[in-house]
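Q: Hey, can you walk me through this one? I'd like to go over charges and contacts.
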Amino acid sequence: MLVKGTTIGTATNVDGSFALTVPDRNATLVFSYVGYVAQEVALNNRASVSVTLQPDNKALKEVVVVGYGTQNKSDVTGALSSVTEEQIQEVPVQNATQALQGRAAGVDIAQGTYRPGEMPSIRIRGNRSLLASNEPLYVVDGIPLAQGSSINDFNPQDIASIEILKDASSTAIYGARGANGVVLITTKRGRQGVTDVSYHGYVSFDSPLRKLDMFDGGEFAEFRREANRAIDGYSTLYPNPADDFKIFNQDPNMWESVAMGYEWVDLENKVPAMRPTTPEEKALYGVDEIPIYNGSNVRTTNWQDMALRTAVTQNHEVSISGGNEKVRVLFSGGYLDQEGIQLGQDYTRYNARLSLDYKVNNFITVGGSNNVSLSEQNYGVNMYGKAVDQIPIAVPYDADGNFILLPGGDINIVNPVLDPEAIVNERRTTRYFGSFYGELKFSDALKYRVNFGPDFRHRRTGVFQASESSERQGGTSYANNSQEQRFSYVLENLLFYDKKLKDHTIGLTLLQSIQNDRYESIGVSAIDLPYDSQLFYNIGSTNIGSPNGFGSNYSLVKLMSFMGRANYSFKDRYLVTLTGRYDGSSVLAPGNKWGFFPSVALGWKILEEPFMQNVSMFNQLKLRYSYGLTGNSAVGPYATTGTLGRTPYSWGDDAAFGYRPATIPTPGLGWEKTRQANLGLDFGILQGRIQGTVEVYRMNTTDLLMERAIPTASGFDNVWANVGATRNSGIEASLSTINVEAGNFAWSTDIVYFKNKEEITELYGGANDDVGNRWFIGKPVNVYYDYQFDGIWQDTPEDVEVLTRYRENGANTLQPGMIRVADTNGDNKFNADDYVYLGSTVPDWSGSINNTFSYKGLKLSVLVYARIGQMASANHYRATLASLSGRFPNLDVNYWTPQNPSNEYPQPRFNQEFPEYYSALMYQDASFVKIRNIALSYTLPTNLVSKVKAKTINLYFNAVNPFLFTDFNLLDPEGANGGDNLSAKSFVFGTRITL
């Protein structure tokens with residue numbers, strides 16, 4: 001609210017309360033809020049007032065950001081989703097992408113790795129390309145970022161809103177780069193009439209959400225015994241010290257652990273105490289007495305805990321903002337220090353941002369924002385993965401405290417406990433991003449704007465591996481120092497014309513744009529450094545006297561564009577948007593560099609029709625349809641021109657190098673093209689208590705950029721070409737309801753639902769599958785194609801009879817206790833002809849539900865997120881840790897033995913690396929439901945806050961990812977396909993203070 005006729009003002013707390021010092025007790029206050037009718041209230045010498053704003057249901061003037069401008073939400077004809085500042089702030093996140101999860105229909109976010117400083121993968125309405133990029137275009141404050149640019153360097157606390165453009169009408173304005181969707185990020189700016197000094201800080205305590213269930217010491221000991229029994233390497237069905245010493249004596253500490261399970265008469269001579277057998281044991285073992293043994297007494301080393309910690313994350317931000325009718329300013333500074341739950345992993349980021357908007361006069365406005373960041377990511381090693389690879393009965397140090405390089409005495413199992421200090425992988429990034437504009441207003445209808453956005457990023461990656469690390473295994477040390485530098489800029493000239501003529505409203509936008517993206521890198525590595533403390537900073541000191549590797553790289557990508565957009569409205573009832581963009585990209589071949597990308601969108605505000613005037617049920621009802629074409633040129637620079645490769649050869653007695661064509665030129669390579677149709681319905685019921693959107697769409701992507709196989713007689717294996725097609729079809733729905741609004745209590749619900757069918761419709765062979773690349777007509781891009789698990793062969797007459805048939809056809813090694821796979825073609829053979837489509841990484845559907853309860857200054861919200869129907873292949877954790885060889889540690893699984901005819905896992909066998917057909921065990925349904933966030937906050941009463949000269953003080957607690965519901969039996973299914981998927985649950989305590 002503002003004091004009328006002045007710049008004195010303030011904003012309310014979340015509960016609507018406010019405090020304001022006025023110059024005159026008879027002043028008039030002007031109250032306003034997005035989507036409500038502004039109201040003036042005269043004080044008339046009153047010290048307090050109570051105001052209820054009425055919804056502006058007819059205008060629906062909520063403003064959303066669209067490409068190159070803003071629009072009233074009621075006038076938008078394309079498909080977009082908005083995430084507000086309040087939603088972003090509700091969940092403590094380290095980057096903007098995390099804030100979108102479960103908030104926007106049509107947006108699928110999958111966390112591939114949980115390392116601090118890493119970004120999740122984002123897909124908008126599915127995958128379109130087979131080999132080109134499927135990442136969306138990011139636009140920050142109107143400036144499109146170069147392909148491959150990260151938004152991890154931006155502080156999410158600086159973001160005012162995020163809009164996701166999804167259909168062709170919304171994205172075609174970005175032409176060549178809009179095929180995969182567009183994410184528009186708008187940062188905060190100073191506000192007129194309000195000066196705020198704000199602090200936001202939180203501390204988070206993070207611990208593993210799930211850990212793997214591995215065999216403990218006693219279970220592993222029996223597991224190795226059983227693996228040896230299978231090859232006649234263990235003489236009894238019960239534990240006995242003589243055989244145990246043979247199979248555990250590779251490491252004296254390992255034998256010592258197993259010996260703790262026995263009671264001894266003479267340990268040195270391996271004479272155990274004995275006990276009589278029970279009748280059942282005598283029938284099974286055929287002896288009268290057996291050693292006294294208790295597997296729970298076998299020593300277990302908790303390697304997992306050695307790799308993990310309760311991590312502490314802290315985040316602090318201070319901002320100062322204010323302005324008047326001439327100048328608006330905002331400055332913010334942020335600091336993030338995030339520890340990883342795995343030792344040796346962390347991420348630190350410093351941010352500073354300054355935005356300025358200056359109205360020179362009634363005709364000229366200039367402004368800009370500057371964002372500077374410095375981040376340091378200790379990428380670290382996968383300590384958890386190395387820890388679970390350790391034998392549980394082995395120990396990291398001997399009795400004298402000496403480091404054991406090979407615990408368990410196995411050359412393939414290396415002790416990782418020194419790795420957090422002995423291995424350094426430090427990634428230091430410095431970035432400057434600017435967004436500047438100048439606006440010249442010729443008249444109320446016509447204005448010109450110029451945008452300029454420089455983006456400079458320097459990254460240094462330093463790697464050091466000490467001699468005693470698990471990577472070097474006692475050999476010489478290793479160091480690598482590489483530098484990357486990227487400078488890109490965007491320069492745009494825009495002309496806007498907006499005019500209202502009686503029942504007609506016209507809006508025109510014209511654009512000319514250029515973008516340059518320059519990249520270079522250099523790196524050098526060496527081995528045998530003289531001392532470890534120098535890490536990677538003095539590679540020239542290598543004892544060898546020269547580097548063992550070096551290289552450099554360079555690329556330059558240019559893009560030029562021309563765009564026109566026309567918005568037309570008749571009687572604020574019928575809406576039309578026409579867009580056309582002409583793009584030229586330097587990465588494509590001459591003659592194919594340019595592409596034209598048009599779109600059309602229609603909107604019908606049904607509620608504005610005369611026949612709807614007496615229908616009081618709706619406060620909004622709008623039907624939308626759009627169709628358009630977007631492009632993708634996301635191939636590497638110089639891919640179309642052909643490159644040279646170096647070839648060594650002999651010149652007499654001397655070695656020499658020559659050059660040969662490495663890739664074949666592709667003069668015909670052009671744009672991938674995506675044609676998309678979208679039908680949408682926006683509705684509001686019961687004075688806005690129920691609001692929602694439903695979208696149905698179909699996208700056909702043709703001329704896919706992919707490497708096509710060619711006869712090797714040409715001298716090449718493949719060549720880039722435009723072949724193949726994919727299709728994405730789906731439905732999106734979002735619903736917001738105000739369930740209860742009574743006095744000081746309110747309860748609201750937000751629901752998001754998204755279902756997308758992704759399929760390949762054509763390949764370079766037409767409608768033929770490409771089995772080698774796992775590309776199948778009618779299936780998603782990323783699929784699992786393998787043997788189908790069909791249980792375990794049993795030692796029963798029925799199974800033995802079937803086994804005989806397969807042995808006669810070449811499966812000579814099959815026997816009871818081994819993996820059984822499905823003979824899908826019924827030929828009594830097991831080979832690649834029996835492979836079947838098992839599933840894909842694409843979910844059948846995903847969605848979320850967020851319930852918010854508020855009472856006075858107290859607010860509770862619970863966000864539940866679900867991703868259902870996708871499959872995961874956790875190769876490392878499932879294949880390696882379920883090898884069932886008895887040599888390596890193993891997941892705690894129910895394996896087959898003659899006495900335990902399990903149908904889940906095969907019999908352990910010590911002479912195998914992996915069970916035959918083991919790949920059939922690698923796939924699982926990765927569906928899950930997560931309680932993504934539970935947020936409890938309290939805003940202190942205004943009369944209490946005003947005593948400390950503050951406007952608002954808010955205290956909050958969040959439980960992030962506290963609960964996971966899934967049948968997936970490894971780690972977090974959300975990141976399962978990334979391998980390193982040890983996710984965290986967090987308990988966060990924070991405060992927001994505004995002065």
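Q: Is K441 buried or exposed, or what is it?
A: K441 is partly exposed, with a relative accessible area of 36%. Buried means under 20% relative accessible area, exposed over 50%, and partly exposed in between (1.4 Å probe, protein chains only).

Q: Hang on, what kind of model is this?
A: This is a predicted model, where local features need pLDDT of at least 70, side-chain atom pairs count only at pLDDT 80 or more, and totals for chains, interfaces and linings use all residues. Residues are numbered from 1 along each chain as its sequence is written, and side-chain values use heavy atoms, with hydrogens and water left out.

Q: Okay, back to K441. Which residue does its side chain meet in a salt bridge?
A: That's D444, at 3.7 Å from N to O. A salt bridge here is a side-chain nitrogen of Lys or Arg within 4 Å of a carboxyl oxygen of Asp or Glu. D444 counts as exposed, at 75% relative accessibility.

Q: Why would side chains pair like that?
A: Side chains of opposite charge can pair when their charged atoms come close.

Q: How many salt bridges are there?
A: The count by this rule is 44. One of them joins E439 and R449, with the closest N and O atoms 2.8 Å apart. E439 sits in strand β22 (residues 423-441) and R449 in strand β23 (residues 446-465), so this pair ties together parts that are 10 residues apart in sequence. Strands (E, at least two residues) and helices (H or I, at least four) are DSSP runs, numbered from the N terminus.

Q: What about R518?
A: R518 has a salt bridge with E520 (2.5 Å, N to O). R518 counts as partly exposed at 36% relative accessibility, and E520 is partly exposed too, with 31%.

Q: Which residues are linked in a network of salt bridges?
A: Those are E222, R225, E226, R229 and D244.

Q: New topic: where does Q390 lie?
A: Q390 is in the loop between α8 (383-387) and α9 (419-422). Q390 counts as buried, at 5% relative accessibility.

Q: What does the side chain of Q390 reach?
A: The side chain of Q390 reaches the backbone oxygen of K386, at 3.2 Å.

Q: Last one: where is D892, and how exposed is it?
A: D892 lies in the loop between α11 (875-879) and β45 (923-925). D892 is partly exposed, with a relative accessible area of 31%.

How values were computed
A polar contact is a pair of N or O atoms within 3.5 Å; within protein, one must be able to donate a hydrogen and the other to accept it, and residues adjacent in sequence count only if both atoms are side-chain atoms.
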